[in-house]
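Please open the structure in your viewer and keep the sequence panel beside it, so that you can select residues by number as the tour proceeds.

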Amino acid sequence: MPQAEIIVRSAVQSGTLTPKLNAAIMRASPFIQVHKSQTAESIIAEAVAQPRFAMTLIGAFALLALILAVVGLYGVISYSVSQRTREIGVRIALGAQPRDVVALILRQGFTLVALGIILGISAAIATTRVIQSLLFDVGSMDLVTFLIAAALAATVTSLAGYIPARRAALIDPLAALRAE
């Protein structure tokens, strides 16, 4: 049996138009059967449902990766500071100011993050052809996206590194020298 599609554009709400349209079709020819009536909004929603789900899933995994990166970065910096308790105690005993200790620890954290940003952007550029079909309204080599990702990594580093750095700056030099 041949099938046809009819598209109707109207200013009337689709809920009130559909029964009237079906009745008019039946009056025109009782042999025509209307199988399905849809609004343009539902057709569009159906068409973008799968890509929207894929992007939601990718976004959720990206958020999970960000959380794991923050926790991991905090753990690494905190562990590094705890391993250097004696060294930091000696620095403070020799006259280092708390801000100098904080700056030293943050500088070392930023060095690692700078390396990570360089490697991450390189990997992102290398994989853009793979994910290009999933991108919508963003170029695969979007400089703004890369800059936002780098700024986010730097911000996370400063926040994750500040707490252990501040704690290290408050170390009692005598207790640090006795500890081992």
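## A stop on helix α4

Begin by selecting Val 113, which is found in helix α4. What you have open is a predicted model, and its average pLDDT is 81, with 94% of the residues scoring at least 70. Is Val 113 buried or exposed? With a relative accessibility of 11%, Val 113 counts as buried, because the cut-off for that word is under 20%.

Now show the neighbours of Val 113, leaving out residues up to four places away in sequence: Val 113 touches Leu 73, Ala 153, Ala 154 and Thr 157. To get a sense of distance, draw a line from the C-alpha of Val 113 to that of Met 55, a residue 58 places away in sequence, and you should find the two 27 Å apart in space.

Stay on helix α4, which runs over residues 98-131, and select Thr 127, which is also found there. Thr 127 is partly exposed, with a relative accessible area of 40%. From Thr 127 to Ile 171 the C-alpha atoms are 45 Å apart in space, while the two residues are 44 apart in sequence.

## Into the core

Select Leu 73 next, which touches Val 113, Val 156, Thr 157 and Ala 160, again not counting residues up to four places away in sequence. Leu 73 is also one of the residues with the most contacts inside the largest nonpolar core, a group of 17 residues, and others in that list include Val 81, Ile 88, Val 101 and Ile 105, together with Ala 168 and Ile 171. Which helices each supply at least two residues of this core? They are α2, α3 (85-93), α4 and α5 (143-169), so colouring these four helices separately is a helpful way to look at the core.

## A nonpolar patch on the surface

Move to helix α2, residues 40-83, and select Phe 61, which lies in it. Phe 61 is exposed, because its relative accessible area of 53% is over the 50% cut-off. Add Phe 53, Leu 57, Leu 64 and Leu 68 to the selection, and with Phe 61 you have a nonpolar patch on the surface whose accessible area together is about 530 Å².

## Charged partners

Side chains of opposite charge can pair when their charged atoms come close. How many salt bridges does the structure hold? The structure holds two, and you can display them by selecting Arg 84, Glu 87 and Arg 91, which are linked in a network of salt bridges. Arg 84 forms a salt bridge with Glu 87, and the closest N and O atoms of this pair are 2.9 Å apart. Arg 91 likewise forms a salt bridge with Glu 87, the closest N and O atoms being 2.9 Å apart. Because Arg 91 and Glu 87 are four residues apart in helix α3, about one helical turn separates them.

Colour these residues by accessibility: Arg 84, at 16%, counts as buried, whereas Glu 87, at 29%, counts as partly exposed, and Arg 91, at 37%, counts as partly exposed.

## Towards the last helix

Finally, select Asp 172, found in the loop between α5 and α6, where it counts as partly exposed at 44% relative accessibility. The C-alpha atoms of Asp 172 and Thr 111, which are 61 residues apart along the chain, are separated by 27 Å. If you then colour by confidence, pLDDT is lowest in helix α6 (residues 173-178), at a mean of 76, and highest in α2, at 86.

Notes
Residues numbered from 1 in each chain as written. Predicted model: local features only at pLDDT ≥ 70, side-chain atom pairs only at ≥ 80, totals over all residues. Heavy atoms only, no water. Buried < 20%, exposed > 50% of the residue type's maximum accessible area, 1.4 Å probe, protein only. Patch = residues over 30% accessible without salt bridge, like charges linked within 9 Å, V, L, I, M, F, W, Y side chains within 5 Å. Areas by Shrake-Rupley, 256 points an atom, 1.4 Å probe, with all protein chains shown as cover. Salt bridge = Lys/Arg side-chain N within 4 Å of Asp/Glu carboxyl O. Core = buried A, V, L, I, M, F, W, Y, C linked by side-chain atoms within 4.5 Å. Contact = heavy atoms within 4.5 Å. pLDDT = per-residue confidence, 0-100.
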